[in-house]
Amino acid sequence: MAETDDKTGPPVTLIEPIDMTKLDPNFRKEIQNMPDGDEVNACFACSTCTAACPIANQWKYKPHQLIRMILLGMREEVLSSREIWECLTCFQCQERCPQGVRVTDIIFDLRDLASEEGKIPDAVKFLAKELLEKGQLYVVTADWEREDLDLEPEVPGLSTDEFKEILKRTRTGKIAGGE
Ligand code: SF4
Ligand code: SF4
């Protein structure tokens, strides 16, 4: 599935031929058996999820297309797609789906599957490593700023050690740590 690059008219979505030999007939079942996928078969391609999504216009594969691709068995394309990582997890799609398809939660499941197969974008890996090493993604106040503000070098009472220990034992910790 792809959109034309023609910027002169209204967007037109063309359906590229799908190579049937590359489809995974078990993918639909795999998602259905995941904690949030039981309603995926109920999708009737109404595109309400896409209409609600604040970022879909930036995506090659819109939310309703990702769900359709799951149903068709396009496992490789879905798990390699950047869209599953760029989702803002705002739940707008899921809130509005008339069929009760848990679109956002399915995207979380897709990230889990992609992670297990090592299909993690570098930027996400970098953030996970930062979290593992520092216990937080954002420094509360930078060193130079603390000095300028005449604050103690460390934020009083802030310790991320326990969190880091817990994180190391999670799957995220293991993947980010290269295990
Ligand atoms: S809103 Fe629900 S039923 Fe409609 S296309 Fe999206 S997932 Fe399918
Ligand atoms: S949760 Fe993700 S896919 Fe759903 S509307 Fe928000 S950004 Fe779009």
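Which residues are the closest to ligand 1? They are C43, C46, C49, H64 and C97, out of 14 that surround the ligand. Here a residue is near a molecule if its C-beta atom, placed from the backbone, lies within 6 Å of that molecule.

This is a predicted model, in which local features need pLDDT of at least 70, side-chain atom pairs count only at pLDDT 80 or more, and totals for chains, interfaces and linings use all residues. Residues are numbered from 1 along each chain as its sequence is written, while chains are lettered from A and ligands numbered from 1 in the order in which they are written.

**Overall layout**

The chain has 11 helices and two strands. Helices (H or I, at least four residues) and strands (E, at least two) are DSSP runs, numbered from the N terminus. Along the sequence the pattern reads β-β-α-α-α-α-α-α-α-α-α-α-α. The chain holds 179 residues, and 22% of them count as buried. A residue is buried if 20 or more other C-beta atoms lie within 10 Å of its own, exposed if 12 or fewer, and partly exposed in between; these C-beta atoms are placed from the backbone.

Two residues are in contact if their C-beta atoms, placed from the backbone, lie within 7 Å. Among contacts in the chain with a separation of 6 or more, 65% join residues 24 or more positions apart.

**The two ligand shells**

Around ligand 2 there are also 14 residues. C53, C87, L88, C90 and C93 come nearest. Helices α2 (48–52) and α3 each give at least two residues to the shell of ligand 1. For ligand 2, α6 (92–96) and α7 each do so. The table sorts both shells by class. Ala, Val, Leu, Ile, Met, Phe, Trp, Tyr, Cys and Pro count as nonpolar, Asp, Glu, Lys and Arg as charged, and the others, Gly among them, as polar.

| Shell | Nonpolar | Polar | Charged |
|---|---|---|---|
| Ligand 1 | 10 residues | four residues | no residues |
| Ligand 2 | 11 residues | three residues | no residues |

**The core**

The largest nonpolar core has 23 residues. Such a core is a set of buried Ala, Val, Leu, Ile, Met, Phe, Trp, Tyr and Cys residues joined through C-beta atoms within 7 Å. V40, I67, I70 and V103 have the most contacts inside this core. Helices α1 (27–32), α3 (63–72) and α7 (103–116) each give two or more residues to it. I70 touches F27, R28, I31, V40 and V78, leaving aside residues up to four places away in sequence.

**Helix α7**

Helix α7 has 14 residues. It reaches 20 Å from its first C-alpha to its last, close to the 20 Å expected at 1.5 Å a residue. That expected span is 1.5 Å times one less than the number of residues. The buried residues of α7 are V103, T104, I106, I107, D109 and L110. Their cover includes α1, α2, α3, α4 (75–79), α5 (83–86) and α6. Just after α7, G118 takes a positive phi of about 75°.

**Two partly exposed residues**

I55 is in the loop between α2 and α3. I55 counts as partly exposed because 14 other C-beta atoms lie within 10 Å. Beyond residues up to four places away in sequence, I55 touches E86 and L88. I55 and E86 are 31 residues apart in sequence, yet 8.6 Å apart in space, C-alpha to C-alpha.

L132 lies in helix α8 (residues 122–134). L132 has 18 C-beta neighbours inside 10 Å, so it is partly exposed. L132 and E165 are 33 residues apart in sequence and 8.6 Å apart in space, C-alpha to C-alpha.
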